[in-house]
Amino acid sequence: MIRSNFLSHLAGYVNDQWIAADTGKRLDVFNPATGEKLADVPFMGAAETRRAIACAQRALDSVPDAATRRHWLESIRDKLLEQQEEIGRILCLEHGKPWKEAQGEVQYAASFFDYYAKVVETGTAPETLPDKVKGCTWTLYKRPVGVVGLITPWNFPIAMIAKKIAPALAAGCPSVIKPAPDTPLTMIALFEIMASLGLPKGMVNLVIGDAVQIGAELMNSPQVTMVSFTGSTATGRLLMQQATRQVKRLGLELGGNAPFIVLDDADLDAAADGLMNNKFRGAGQTCVCANRVYVQKNVYDAFAQKVVERVGKLKVGDGMKEGTDIGPLINANGFAKVKGHLADALDNGATLLLGKQPDTLDAASSLLFPPTVVGNVDDTMRCCQEETFGPLIPLISFDGDDEVVRRANDTEFGLAAYVFGKDRARSQRIIARLHFGHCAYNTGTGPAAIAPFGGMLSSGIGREGGKEGLLEYLEIQTVPDGSQ
Ligand code: ADP
């Protein structure tokens with residue numbers, strides 16, 4: 001069992017109170033590295049969610065000014081940074097990612113509180129337009145959108161909520177938050193921090209439990225004027241259907257199928273290093289990590305060798321153990337998907353360059369999946385058609401620039417893409433034709449708090465991070481004033 005000062009309440013949080021589920025039901029949380037039970041948390045449903053929404057609605061009546069909200073954001077940032085080791089430990093234990101990487105995620109989460117603290121006052125200030133027309137001055141007020149529902153996945157237990165709650169607090173929106181069932185403990189730790197700040201009652205609420213019931217309450221309640229969701233495209237589609245009744249505002253960060261393109265003029269070592277940094281974060285369980293690695297034919301063998309050399313050095317293990325580079329996959333379903341993609345690729349003619357044969361891999365004995373590289377992959381294989389969400393690198397060869405643009409774009413998803421090449425003009429021509437919201441050049445980096453991030457096509461709606469991420473939580477109210 002886990003012990004931490006941040007987990008003295010294994011509970012939900014509604015109206016400034018730590019609460020259990022009405023039914024008394026609890027949900028077990030496990031360490032994916034060991035299978036050990038870490039804790040149990042309440043398993044709530046519709047009734048608790050309704051109460052949380054009602055409290056959040058009351059909080060909307062007395063939202064403090066922007067300076068006070070800046071102070072909240074700064075306090076959360078400071079506390080996260082001060083306690084990154086302990087919060088990182090909780091995160092590592094319930095998610096599996098190495099402790100150091102988990103601390104990096106806590107710092108990354110803190111950067112969103114930091115960024116929105118810096119822009120809250122300017123970003124929410126009214127703006128009077130320079131032109132006087134129709135005999136009026138025109139002022140744009142930035143009002144909080146209202147009560148927001150925030151639904152997060154397990155793959156970044158603190159970063160995903162930071163991207164939502166930081167701009168929500170900056171905008172002055174009370175929230176009802178639902179974490180993923182695999183990783184509720186890091187969220188409880190964040191609530192422990194927020195509960196110590198003296199926020200108005202009902203400003204932040206935590207409901208853990210039945211996704212369908214909680215989701216339906218959030219979507220059906222007229223008091224919830226926006227829902228921001230990060231997770232699978234299937235669930236995102238369902239939320240879109242549910243949003244139609246009220247024309248509810250949605251922010252959706254959904255799946256990806258990221259192409260990673262290595263052109264023949266690329267610095268191959270830099271590209272291989274970029275791929276390593278990009279692909280194995282969270283054991284490959286991120287929506288921005290390279291899913292399809294396209295390498296130009298004349299550098300394919302040289303690049304494959306560099307990748308295999310690097311991947312061969314990675315150590316898979318318990319994230320709390322010194323020296324672990326990659327932790328376990330989150331659960332048996334995740335494991336089965338990666339294994340299925342590997343088996344499908346090998347059955348259809350791909351070559352195993354590094355890793356183990358799929359029939360030797362068994363989730364029942366361990367969720368540790370060996371980092372794997374397969375060559376001679378083609379676009380019809382499952383690992384190119386679907387998001388693998390695991391430590392599997394498929395190498396695909398291509399001939400020309402037009403061809404790689406066409407193949408990279410041949411997906412319904414449009415979240416992240418990567419291009420490596422020395423000739424800037426050539427690479428920029430390729431980037432301009434790729435339909436991905438995040439298109440990194442000569443780097444494998446993912447998003448940053450200062451810049452908007454989001455998907456095109458089936459990868460979602462809206463942006464997180466940057467000034468655009470704050471606008472998602474604001475309604476512009478236009479006031480023409482005829483008296484001035
Ligand atoms: P993943 O494959 O990453 O688990 P999901 O879309 O299933 O993706 O989960 C992301 C988040 O959405 C989790 O918090 C999950 O509990 C929640 N969720 C799942 N189904 C629903 C639903 N019907 N309504 C609202 N939230 C849901």
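**View 1. Strand 6 and its antiparallel partner, strand 22, in the predicted model.** In this predicted model, strand 6 (residues 137-144) runs antiparallel to strand 22, and the two are joined by eight bridges. One residue pair to look for within this ladder is tryptophan 138 with proline 480, the latter being the bridge partner in strand 22. The wider arrangement is an open sheet of three strands in the order 5-6-22, with antiparallel pairing. Its edges are formed by strand 5 (127-128) and strand 22 (474-481), each of which pairs on one side only.

**View 2. Polar contacts between the ligand and the protein.** Two distances of 2.7 Å can be traced here: one runs from an oxygen atom of the ligand to a polar backbone atom of threonine 152, and the other links a ligand oxygen atom with an N or O atom in the side chain of serine 232. At threonine 235, a polar side-chain atom lies 2.9 Å from an oxygen atom of the ligand. The ligand taken alone exposes 540 Å², of which the protein buries 76%.

**View 3. The shell of residues around the ligand.** The ligand is surrounded by 16 residues, and those that come nearest are Thr152, Lys178, Phe229, Ser232 and Thr235. Sorted by class, this shell holds nine nonpolar residues, six polar residues and one charged residue. At least two shell residues come from each of helix 7 (211-220), strand 10 (224-230) and helix 8 (233-243), and helix 8 gives the most, with three residues. The space that the ligand takes up is the largest pocket.

**View 4. Phenylalanine 389, a residue with positive phi in a loop.** Most residues other than glycine have a negative phi. Phenylalanine 389, although not a glycine, has a positive phi of about 60°, and its place in the chain is the loop between helix 12 (382-385) and strand 16 (392-398).

**View 5. Leucine 457, a residue with positive phi in a strand.** The backbone of leucine 457 also deserves a close look, since its phi is near 50°, a positive value in a residue other than glycine. Whereas phenylalanine 389 is found in a loop, leucine 457 lies in strand 20, which covers residues 456-457.

Notes:
Residues are numbered from 1 along each chain as its sequence is written. This is a predicted model: local features need pLDDT of at least 70, side-chain atom pairs count only at pLDDT 80 or more; totals for chains, interfaces and linings use all residues. Side-chain values use heavy atoms; hydrogens and water are left out. A residue is near a molecule or strand if one of its heavy atoms lies within 4 Å of it. A polar contact is a pair of N or O atoms within 3.5 Å; within protein, one must be able to donate a hydrogen and the other to accept it, and residues adjacent in sequence count only if both atoms are side-chain atoms. Accessible areas come from the Shrake-Rupley method with a 1.4 Å probe; for residues, only the protein chains shown count as cover. On a 1 Å grid over the protein atoms alone, a cavity is a set of points where a 1.4 Å probe fits but cannot get out, and a pocket is an open set with protein on both sides within 12 Å along at least five of seven lines; lining residues have an atom within 4 Å of a point. A molecule sits in a cavity or pocket if more than half of its atoms lie within 2 Å of its grid points. Helices (H or I, at least four residues) and strands (E, at least two) are DSSP runs, numbered from the N terminus. Ala, Val, Leu, Ile, Met, Phe, Trp, Tyr, Cys and Pro count as nonpolar, Asp, Glu, Lys and Arg as charged, and the others, Gly among them, as polar. Two strands pair if DSSP finds at least two bridges between them.
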